[in-house]
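This report goes through a protein structure chain by chain and then residue by residue. Please keep the sequence and the coordinates at hand while reading.

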Amino acid sequence: MVAMRQPARSTAHLPLEVPAEWREGLESNVLAPLARTSWRYFAWIGFLAVVIAWAVVMYVHQLQTGLVVTGMRDRISWGLYIISFVFFIGISHAGTLLSAILRVVKARWQLPVTRMAEFITVVALMVGGLFPLIDLGRPDRILNMIWYGRWQSPLVWDFLAITTYLTGSAIYLYLPLIPDFALCRDRLGPTAPAWKRGFFNLAAAGWTGSAVQRRALDRAMTIMMIVIIPVAVSVHTVVSWIFAMTLREPFNSTVFGAYFVAGAIFSGVAAIIILMAVLRRVLHLEEYITINQFKALGFFLLAMSLVMVYFNASEYIVTGYKMEAGAPFHFHDLLVGYLGPYFWFYLVGGLVVPALIITFPRTRTIKGIVFAAVLVLIAMWIERYLIVVGGFRVPLMPYTARHYGPSLTEWSMLAGAFALFALIISVFAKIFPMVSVWEVVEHRGPEPGEEVLEFPSFGSTDAQAPEVAS
Amino acid sequence: MNSAELDPDDSNTGPPGTVPALARGVQRRRILRMAGSALFAVPPLAFGARAWLSRAPASPLEAMARMSSAQAANGRLRRWSMVIDLRSCDGCQRVGKPPQCTAACIEGHFAPQPMEWIQVYEQELPGNGTRFVPATCQQCQNPPCTNVCPVGATFSTPEGPVLIDQERCIGCRICMAACPYDRRFFNWATPPQPVEALGMKYEVEHQAPAIRGTVMKCDFCPDMARAGTLPYCAQGCPNNAIYYGDLEEDVATNGKAVIQISRFLSQNSAFRLNEEYGTEPRVYYIPGAGEAVGRDSSKRGRLATVWPWKKVASGSRTWSR
Amino acid sequence: MKIPSLVSPRLAILGLVAGLSLLAGRLPAAAAGQEPTAIAVAAPASATIGTAVPVQARLVSAAGPIPHASVDFLVPASFLGTDGEMKVASGITDAQGLATATFEARITGALQVKAVFSGDNTYAPSTATSSMTVTGSKQLYVPDIGIRLRGLNSSPIAQSGTVSHWLLSGWPIGALLVLIWSTYGAAVFFMSRISADAANGPEAAR
């Protein structure tokens, strides 16, 4: 939360009580990528552009030929596209959790990574929202959703919920950016190109840091940080309802909404850990993003993995106890059958192993936590695969269950989506400061002598561990 | 949305011909209402929305209203229904051909390969025998598919059949996820169809030519019943196992005999598929395993359906279900 | 509907008719070893669709009423190009040879109710008809759709069985959206105050 009661002082935009060198270092470190661009960056962007272009080519081919180029057929009528849709909407929850909930409770340790988390939210929603469109048989008729939309359809709920969530997240991303845009504007050298100057001028919205402005910003952020939490929770509930509103055996579950929300938070935290590690390395933010943030998020991941164990138990024990029609087939599939390897990887590799990695101090290093997060992210993608494919596989009539294998087109589209995700983040990293400078400075400010950024609650051995520097 | 005006029971008080006007009125109000929500949901799109409203294509409700709805002699609305007597269904083992209901449906509707709008499933019975269950779209009266459709492209008609407007369908396939009977089919590519199907004028009740990227299914042939003939499947059945009827006049026929549906169902302990879903199908089954036409329940297997067309439209592709 | 008084005054007539026809030898030719029978049917002269129509038949042989025999009641029907007689009811005769049943007439017009005794090892088959007129134009079949919550799971064409309540129509979703988006609007409003105060520096805020 903005330190409202700290009167504005010294410079043009920030109340500063931190050592000037520290602040200078932070600003120049965070803003450096905005000024300098290496050839590696262009190579990276070029690589991503090639992957995206390949996906576009495959999509055009799909448009020309029809969805027959995918592995989906009548009996497994949703596949990789809807799986990825659920996955991306899931990781979009990172931003809400990390930044909104922790801001509401006035936590501070996460401040250096809130910006990244909010970016994940917006970008994941933009990318995830593409998948239902890619999945459409007649994308040319998408406007029928507006002309003929029906309140009763879960897809219309999805459409409205995601639009609402994306808009809210964009506002919520922009609000704390305003003072940082002002910082960029003020720090632009005389040689800066005119478009850059114009952009930052516009984006900073005339921010000077006056008391009126600070109060206005504080109010706007308070509103958004509160409203975005129920919106985020409901969005993933609504996403689960495109399945739960059907009569198919594994989908026909009342716990699905909560199960999906928990899974979304779980994978969202994993996504933010990974992005944090990548940006920390690439943008040289080691000084601000330390083992403390990783540990805190790691413990959160641990807690969420236990929550996921709980949800899996309540889902599978309840249905497995009764073994209604359809359930025996599904359980056979999951435990020993066609989907068995994936299911066991999900349970062991996605829930147990990451939890163990984070539990033991020896493995609770940045590398260990990031490895756990990667495992979780893969496992959560597989979990959506199990839900969608496993659900559609249960035969409704006396026929042999169909197998589903994603085609090259579908894999290309998934690769393109990840590339697009990375591309947008990479481009944004060049335009926007990836650390909320003013908030970090401000919360460093009140007690300059105290190590606010030191994560206090996880034991002295950890605090003394040498990996802080890693 | 408020579509109380369409309540078929209201047709008791007014002439049945009032449905079209009401349908249009409801449709227009609904468009406006959705445009209202779009104003909030997609601000940039909504600016042009009102101007676009007049360009909105014809709705299935209007398409339906254009059809002459079928009425009994004294103006009562027909309520189409089907009874399939499994005692007389042997999967066409006796005639030694693929199921003839499916074959007739394919020829009549140009149903694209691999769509069997009426499909003869072989179901295991207690003991070691099987029975053949020809399954059309079950024409649920509480259809899960129509409810989830985001654009109202699939809808119930007052006569009972659930239809799909392939000119509105956006191909999201949520109806296929919702259908618990596996009775919906997607045009994954431009499907193979004979040349004469391509020349036809598209009608909601006769889904030819097939449109790539849209969902199709059994339409229950209300247009044929209105014209006074049995649906293709009932005509094609060599054992007269399929009865098509009208629940309003409580009468059905298989082309050979006329039955009173209500009595026939009760007397023969009729059942519906997956009654526990609460979908309230309009297709009833009389339990049996083909014994009325001499099939022994232990004789398994039926021949695979073939699509007869020699010459199909170019550029088409087929697939497996 | 009043039950036709087949039992008391018309019973006598029915018995009389059946007896007379037996005496007159107008019975259909019976197979060898079968006793000839006569049947008479009584039905109301008029009925409204959708109501229970009682019908009664009396089955006699030369030896008197035939008990424990099954009598079917048929009406002619024509549907989708097929003409036939459809069985609408059946009954078992009692000690007086009376079989009683009810059926619901759904098709309007003149109706020939036919009572059929199919015969058995002892008795030869026999039939009889009675005319009645069925009128009415009420829509009878009510789609059995269970309970629908309008605005939640009602189909594009609503039917009876829909539970309607203002809370269940579509607008609560719209209201929720309006609420959320107005909250966004409030945030944007405060945001706009930032640029409105652009002229003031931090010093002025003091």
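The sections below cover chain A and one of its helices, then chain C, then a strand and two loop residues of chain B. The model is predicted.

## Chain A overall

Chain A contains 19 helices and zero strands. Of its 470 residues, 63% are buried. Among the contacts in chain A with a separation of 6 or more, 81% are between residues 24 or more positions apart.

The exposed surface of chain A is about 17,200 Å², and 70% of this is supplied by carbon and sulfur atoms.

## Helix H2 of chain A

Helix H2 of chain A runs over residues 39–65, which makes 27 residues. From the first C-alpha to the last, H2(A) reaches 39 Å, close to the 39 Å expected at 1.5 Å a residue. After H2(A) comes Gly66(A), which has a positive phi, near 105°.

Which residues of H2(A) are buried? They are Tyr41(A), Ile45(A), Leu48(A), Val51(A), Ile52(A), Ala55(A), Met58(A), Gln62(A) and Thr65(A). Their cover includes three helices of chain A: H3 (80–91), H6 (130–135) and H17 (408–431).

## Chain C overall

Chain C has a mean pLDDT of 80, with 74% of its residues at 70 or more. In residues 1–9 of chain C the pLDDT is below 50, and this stretch has 22 contacts in the model beyond near neighbours in sequence.

The secondary structure of chain C consists of two helices and 11 strands. Along the sequence, their order is α-β-β-β-β-β-β-β-β-β-β-β-α. Buried residues account for 45% of the 206 residues in chain C. Of the contacts in chain C between residues at least 6 apart in sequence, 56% join residues at least 24 apart. Chain C has an accessible surface of about 9,800 Å², and carbon and sulfur atoms hold 61% of it.

## Strand S11 of chain B

Strand S11 of chain B, residues 283–286, is covered on both faces. Val283(B) and Tyr285(B) lie on one side, Tyr284(B) and Ile286(B) on the other, and all are buried.

S11(B) pairs with strand S1 (residues 80–85) of chain B in the parallel sense, over four bridges. Within this part of the chain, Ile84(B) has Tyr285(B) as its bridge partner in S11(B).

## Two loop residues of chain B

Thr136(B) is in the loop between strand S3 (130–135) and helix H6 (144–148) of chain B. Why does Thr136(B) count as buried? Its relative accessibility is 1%, and buried means under 20%. Leaving aside neighbours within four places in sequence, the contacts of Thr136(B) include Val283(B) and Tyr285(B), two of the buried residues of S11(B). Also in contact with Thr136(B) are Met82(B), Trp117(B), Ile118(B), Arg183(B), Cys218(B) and Phe220(B).

Glu116(B) is 20 residues from Thr136(B) along the chain, and their C-alpha atoms are separated by 8.6 Å. Glu116(B) sits in the loop between helix H5 (100–109) and strand S2 (119–124) of chain B. Glu116(B) counts as buried because its relative accessibility is 10%, and the cut-off is under 20%. The side chain of Glu116(B) makes a polar contact of 2.7 Å with the side chain of Thr305(B). Not counting residues up to four places away in sequence, Glu116(B) touches Thr102(B), Arg183(B), Phe185(B), Arg302(B), Thr305(B) and Trp307(B). Arg183(B) is thus listed for Glu116(B) and also for Thr136(B).

Key: Residues numbered from 1 in each chain as written. Chains lettered and ligands numbered in written order. Heavy atoms only, no water. pLDDT = per-residue confidence, 0-100. Contact = heavy atoms within 4.5 Å. Buried < 20%, exposed > 50% of the residue type's maximum accessible area, 1.4 Å probe, protein only. Polar contact = N/O pair within 3.5 Å; in protein donor to acceptor, adjacent residues only side chain to side chain. Areas by Shrake-Rupley, 256 points an atom, 1.4 Å probe, with all protein chains shown as cover. Expected span 1.5 Å × (residues − 1). Pairing = 2+ DSSP bridges.
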